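Open the model in your viewer and set it to a cartoon view. The tour below goes through a few selections in turn.

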Amino acid sequence: MRILRTRTTVVLAAVLLVTSVTGVLGATTSKKYVFKPGVTLEIGADMGGGVRLDTVKFDIPDGSGGRMRLSGVPRAEVSIANGGPEPIRVGIAIAVFDADGNLVAVGSSGSKLLSIKSQRVSYYTLSFDHVNNRIHEGATFQITVETK
(Lines give C-alpha, C1' and ligand atoms only; values in the text may rest on other atoms or scores of the structure.)
Protein backbone atom coordinates (compact mmCIF):
# COMPACT_ATOMS: atom_id res chain seq x y z
CA MET A 1 0.00 0.00 0.00
CA ARG A 2 2.81 2.38 0.88
CA ILE A 3 4.62 1.65 -2.44
CA LEU A 4 1.43 2.41 -4.39
CA ARG A 5 1.01 5.73 -2.55
CA THR A 6 4.67 6.68 -3.29
CA ARG A 7 4.30 5.81 -6.99
CA THR A 8 1.08 7.83 -7.20
CA THR A 9 2.82 10.83 -5.62
CA VAL A 10 5.77 10.58 -8.04
CA VAL A 11 3.46 10.28 -11.07
CA LEU A 12 1.37 13.24 -9.89
CA ALA A 13 4.51 15.35 -9.37
CA ALA A 14 5.74 14.48 -12.88
CA VAL A 15 2.39 15.42 -14.42
CA LEU A 16 2.38 18.75 -12.58
CA LEU A 17 5.94 19.49 -13.72
CA VAL A 18 5.11 18.76 -17.37
CA THR A 19 1.95 20.88 -17.21
CA SER A 20 3.81 23.84 -15.74
CA VAL A 21 6.38 23.77 -18.55
CA THR A 22 3.92 23.36 -21.43
CA GLY A 23 3.09 27.07 -21.39
CA VAL A 24 6.32 27.60 -23.35
CA LEU A 25 6.72 24.24 -25.04
CA GLY A 26 4.68 23.80 -28.17
CA ALA A 27 3.98 27.52 -28.57
CA THR A 28 4.08 29.02 -32.07
CA THR A 29 4.58 32.69 -32.91
CA SER A 30 4.26 33.97 -36.46
CA LYS A 31 4.60 37.61 -37.52
CA LYS A 32 5.19 39.62 -40.69
CA TYR A 33 7.89 42.32 -41.08
CA VAL A 34 9.43 44.52 -43.77
CA PHE A 35 12.16 42.71 -45.74
CA LYS A 36 15.50 44.60 -45.55
CA PRO A 37 18.53 42.64 -46.84
CA GLY A 38 21.87 43.45 -45.24
CA VAL A 39 20.32 45.13 -42.18
CA THR A 40 20.13 43.56 -38.72
CA LEU A 41 16.49 43.93 -37.77
CA GLU A 42 16.02 44.30 -34.02
CA ILE A 43 12.72 42.44 -33.63
CA GLY A 44 12.43 41.84 -29.86
CA ALA A 45 9.16 39.88 -30.20
CA ASP A 46 8.08 38.28 -26.92
CA MET A 47 6.93 34.69 -27.45
CA GLY A 48 5.83 34.10 -23.87
CA GLY A 49 7.57 32.25 -21.08
CA GLY A 50 10.67 34.44 -21.44
CA VAL A 51 11.38 33.29 -25.01
CA ARG A 52 12.17 36.17 -27.40
CA LEU A 53 12.89 36.52 -31.12
CA ASP A 54 15.76 39.04 -30.95
CA THR A 55 17.19 39.71 -34.41
CA VAL A 56 16.94 38.73 -38.07
CA LYS A 57 19.52 39.60 -40.74
CA PHE A 58 19.28 38.60 -44.40
CA ASP A 59 22.46 38.02 -46.39
CA ILE A 60 21.66 38.05 -50.10
CA PRO A 61 24.86 37.62 -52.18
CA ASP A 62 25.03 39.49 -55.49
CA GLY A 63 23.82 37.23 -58.26
CA SER A 64 22.18 34.73 -55.91
CA GLY A 65 18.96 33.18 -57.06
CA GLY A 66 18.54 32.17 -60.67
CA ARG A 67 20.24 29.20 -62.29
CA MET A 68 23.89 30.10 -61.73
CA ARG A 69 24.60 30.26 -58.01
CA LEU A 70 28.22 31.27 -58.22
CA SER A 71 28.04 33.77 -55.39
CA GLY A 72 26.35 31.58 -52.79
CA VAL A 73 22.94 30.86 -51.39
CA PRO A 74 20.82 33.54 -49.67
CA ARG A 75 20.73 33.12 -45.89
CA ALA A 76 19.11 34.61 -42.80
CA GLU A 77 20.75 34.81 -39.38
CA VAL A 78 18.23 34.62 -36.53
CA SER A 79 18.85 35.01 -32.80
CA ILE A 80 16.50 33.60 -30.15
CA ALA A 81 16.83 34.42 -26.43
CA ASN A 82 15.61 32.10 -23.68
CA GLY A 83 14.86 34.09 -20.53
CA GLY A 84 12.71 31.27 -19.18
CA PRO A 85 13.66 28.84 -16.42
CA GLU A 86 13.99 25.71 -18.62
CA PRO A 87 16.02 24.80 -21.74
CA ILE A 88 14.02 24.93 -24.98
CA ARG A 89 14.35 23.71 -28.56
CA VAL A 90 13.02 25.75 -31.50
CA GLY A 91 11.98 25.37 -35.11
CA ILE A 92 12.21 28.47 -37.33
CA ALA A 93 10.71 29.12 -40.78
CA ILE A 94 10.92 32.27 -42.91
CA ALA A 95 8.87 33.00 -46.03
CA VAL A 96 9.70 36.06 -48.16
CA PHE A 97 6.94 37.73 -50.21
CA ASP A 98 7.04 40.31 -53.04
CA ALA A 99 4.94 43.50 -53.04
CA ASP A 100 1.97 41.58 -54.52
CA GLY A 101 2.08 38.95 -51.76
CA ASN A 102 3.64 36.20 -53.90
CA LEU A 103 6.04 33.80 -52.19
CA VAL A 104 9.57 34.39 -53.57
CA ALA A 105 11.80 32.52 -51.07
CA VAL A 106 11.55 30.13 -48.15
CA GLY A 107 13.98 28.67 -45.61
CA SER A 108 13.92 26.84 -42.29
CA SER A 109 16.18 25.67 -39.47
CA GLY A 110 16.12 25.08 -35.74
CA SER A 111 17.62 23.27 -32.78
CA LYS A 112 19.39 20.13 -33.91
CA LEU A 113 21.49 18.71 -31.08
CA LEU A 114 21.50 21.33 -28.34
CA SER A 115 18.72 23.22 -26.60
CA ILE A 116 18.85 26.92 -25.78
CA LYS A 117 19.77 26.97 -22.11
CA SER A 118 18.00 29.24 -19.68
CA GLN A 119 19.22 32.88 -19.81
CA ARG A 120 21.13 32.27 -23.08
CA VAL A 121 20.89 33.39 -26.71
CA SER A 122 21.32 31.03 -29.66
CA TYR A 123 21.95 31.90 -33.31
CA TYR A 124 20.54 30.00 -36.28
CA THR A 125 21.35 30.18 -39.99
CA LEU A 126 18.48 29.57 -42.39
CA SER A 127 19.47 28.79 -45.98
CA PHE A 128 17.15 29.63 -48.85
CA ASP A 129 18.45 26.65 -50.83
CA HIS A 130 15.66 25.79 -53.23
CA VAL A 131 13.01 28.51 -53.49
CA ASN A 132 14.96 31.76 -53.95
CA ASN A 133 15.06 32.87 -57.62
CA ARG A 134 13.16 36.10 -56.93
CA ILE A 135 14.37 36.89 -53.40
CA HIS A 136 15.66 40.29 -54.63
CA GLU A 137 12.01 41.25 -55.19
CA GLY A 138 11.17 40.66 -51.50
CA ALA A 139 9.05 43.31 -49.78
CA THR A 140 7.96 41.52 -46.59
CA PHE A 141 8.83 38.35 -44.73
CA GLN A 142 6.93 36.19 -42.29
CA ILE A 143 8.82 34.37 -39.56
CA THR A 144 7.41 31.53 -37.52
CA VAL A 145 9.13 30.29 -34.37
CA GLU A 146 7.91 27.13 -32.70
CA THR A 147 9.15 26.04 -29.30
CA LYS A 148 9.56 22.33 -28.65
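Start by selecting Asp-54 in this predicted model. Leaving out residues up to four places away in sequence, Asp-54 touches Leu-41, Glu-42, Ile-43, Gly-44, Ser-79, Ala-81 and Val-121. Show these as sticks.

Next, colour the strand that holds Asp-54: strand 3, which covers residues 51–59. Is Asp-54 buried or exposed? Its relative accessible area is 15%, and because buried means under 20%, Asp-54 counts as buried.

Now add Arg-52 to the selection. The side chains of Asp-54 and Arg-52 make a polar contact at 2.4 Å.

Move on to Leu-103, in strand 6. That strand runs over residues 103–110. Leu-103 has a relative accessibility of 43%, so it counts as partly exposed, since that class lies between the 20% limit for buried and the 50% limit for exposed.

Keep Leu-103 selected and add Val-106 and Val-131, then turn on the surface. Together Leu-103, Val-106 and Val-131 make a nonpolar surface patch of about 210 Å².

Finally, clear the selection and look at the whole chain. What does its secondary structure come to? There are one helix and eight strands, and from the N terminus the order is α-β-β-β-β-β-β-β-β. The chain has 148 residues, of which 36% count as buried. Its accessible surface comes to about 8,900 Å², and carbon and sulfur atoms account for 57% of that surface. Among contacts between residues at least 6 apart in sequence, 66% join residues at least 24 apart.

Notes. Residues numbered from 1 in each chain as written. Predicted model: local features only at pLDDT ≥ 70, side-chain atom pairs only at ≥ 80, totals over all residues. Heavy atoms only, no water. Patch = residues over 30% accessible without salt bridge, like charges linked within 9 Å, V, L, I, M, F, W, Y side chains within 5 Å. Areas by Shrake-Rupley, 256 points an atom, 1.4 Å probe, with all protein chains shown as cover. Salt bridge = Lys/Arg side-chain N within 4 Å of Asp/Glu carboxyl O. Helix = DSSP H or I, 4+ residues; strand = E, 2+ residues; numbered from the N terminus. Buried < 20%, exposed > 50% of the residue type's maximum accessible area, 1.4 Å probe, protein only. Polar contact = N/O pair within 3.5 Å; in protein donor to acceptor, adjacent residues only side chain to side chain. Contact = heavy atoms within 4.5 Å.
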